[in-house]
Amino acid sequence: LDKPNIPFRITRGDESLLEFPFTCLSRVRIVFGLSYVKLLGWGVYSTLWRAFGLPDIALALSHPHDFYFHELADFHSPSLEKMALSRNAKRAFDYYDNMVGALNKQGYKFAFLSEAFEHVKDQPGLQEFTLEIWEK
């Protein structure tokens, strides 16, 4: 939670790694991902999104299980995880469309991660952490 919500660099000597963290809603650190949208419901999630916003570079996280979990739910033992993944499971495609539509409406441009890397890699002012600090 003490690391940036935007791309940053981790360095070790002359080597470095550009990190693209899971995007979170600013200040509340709720992951910008379909699993969380399904869990909270579009109404709650979109309200939080409007209230707290996203960083300029946002990665939309989803996983295949977000889209088809309801078809496999009977194969999973009862658990909190099953309950969370089952919530709004049949609305996954609609919620994903809502996420993409809202990003588009807010002026985000869609790109492959490799294109985002090329855009960010030489950006001045990119926050850096040494590996030693990172490991603490």
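## Overall architecture

Helices here are DSSP runs of H or I with at least four residues, strands are E runs of at least two, and both are numbered from the N terminus. Counted that way, the protein has seven helices and three strands. Reading from the N terminus, the order of the elements is β-β-α-α-α-α-α-α-β-α. Two strands thus open the chain, and a strand and a helix close it.

The model is a predicted one. Its C-alpha trace extends over about 50 × 35 × 25 Å along the principal axes. Of the 136 residues in the protein, 34% are buried.

## Confidence in the model

Let's look at how far the prediction can be trusted. Mean pLDDT for the protein is 90, with 96% of the residues at 70 or more. Among the elements, helix 2 (residues 42-52) has the highest mean pLDDT, 97. The lowest mean, 74, belongs to helix 7 (residues 131-134).

## The three strands

Strand 1 (residues 8-12) is a good place to start, as it pairs with strand 2 and also with strand 3. With strand 2 (residues 15-19), strand 1 forms five bridges in the antiparallel sense. With strand 3 (residues 128-130), strand 1 runs parallel and shares three bridges. Strand 1 is mostly covered, with four of its five residues buried.

Individual partners can be picked out along these pairings. Phenylalanine 8 faces glutamate 19 of strand 2. Arginine 9 has a bridge partner on either side: leucine 18 in strand 2 and glutamate 128 in strand 3. The hairpin of strand 1 and strand 2 has two residues between the strands, and glycine 13 there adopts a positive phi near 65°.

## The nonpolar core

In soluble globular proteins, nonpolar side chains tend to be buried together. Here, the largest nonpolar core gathers 15 residues, and the members that touch the most others are Phe32, Leu34, Val37, Trp49 and Leu54. Helix 1 (34-40), helix 2 and helix 5 each contribute at least two residues to this core. Helix 5 gives the largest share, five residues.

## The largest pocket

The largest pocket has a volume of about 510 Å³. Its lining consists of 19 residues, and those nearest the centre of the pocket are Ile57, Ala58, Lys109, Phe110 and Ala111. Helix 5 (92-105) and helix 6 (113-120) each provide at least two lining residues, and helix 6 has the largest share with five.

What is the lining of this pocket made of, by class? It has 14 nonpolar, two polar and three charged residues. Lys109 is one of the residues nearest the centre, and lysine counts as charged.

## The enclosed cavity

The structure also holds one cavity of 30 Å³ or more, and the space in the largest cavity is about 30 Å³. The residues that line it are Asn5, Ile6, Pro7, Phe20, Pro21, Thr23, Ile57 and Leu59. By class, six of these are nonpolar and two are polar, while none is charged.

Ile57 links the two features: it is in the lining of this cavity and is also among the residues nearest the centre of the largest pocket. The lining of the cavity also includes Pro7 and Phe20; Pro7 comes just before strand 1, which covers residues 8-12, and Phe20 comes just after strand 2, which covers residues 15-19.

## Two positive phi angles outside glycine

Two loop residues deserve a friendly second look. Arginine 27 has phi near 75°, a positive value in a residue other than glycine. This arginine is found in the loop between strand 2 and helix 1. Asparagine 88, which is not a glycine either, has a positive phi of about 55° and is found in the loop between helix 4 (80-86) and helix 5.

Which of these residues is buried, and which is exposed? Arginine 27 has a relative accessible area of 67%, so it is exposed, the cut-off being over 50%. Asparagine 88 has a relative accessible area of 14%, so it is buried, the cut-off being under 20%.

How values were computed
Residues numbered from 1 in each chain as written. Predicted model: local features only at pLDDT ≥ 70, side-chain atom pairs only at ≥ 80, totals over all residues. Heavy atoms only, no water. pLDDT = per-residue confidence, 0-100. 1 Å grid on protein atoms, 1.4 Å probe; cavity = no way out; pocket = protein on both sides within 12 Å on 5 of 7 lines; lining within 4 Å. Points joined across faces, edges and corners; volume = space filled by probe spheres on them. Buried < 20%, exposed > 50% of the residue type's maximum accessible area, 1.4 Å probe, protein only. Pairing = 2+ DSSP bridges. Core = buried A, V, L, I, M, F, W, Y, C linked by side-chain atoms within 4.5 Å.
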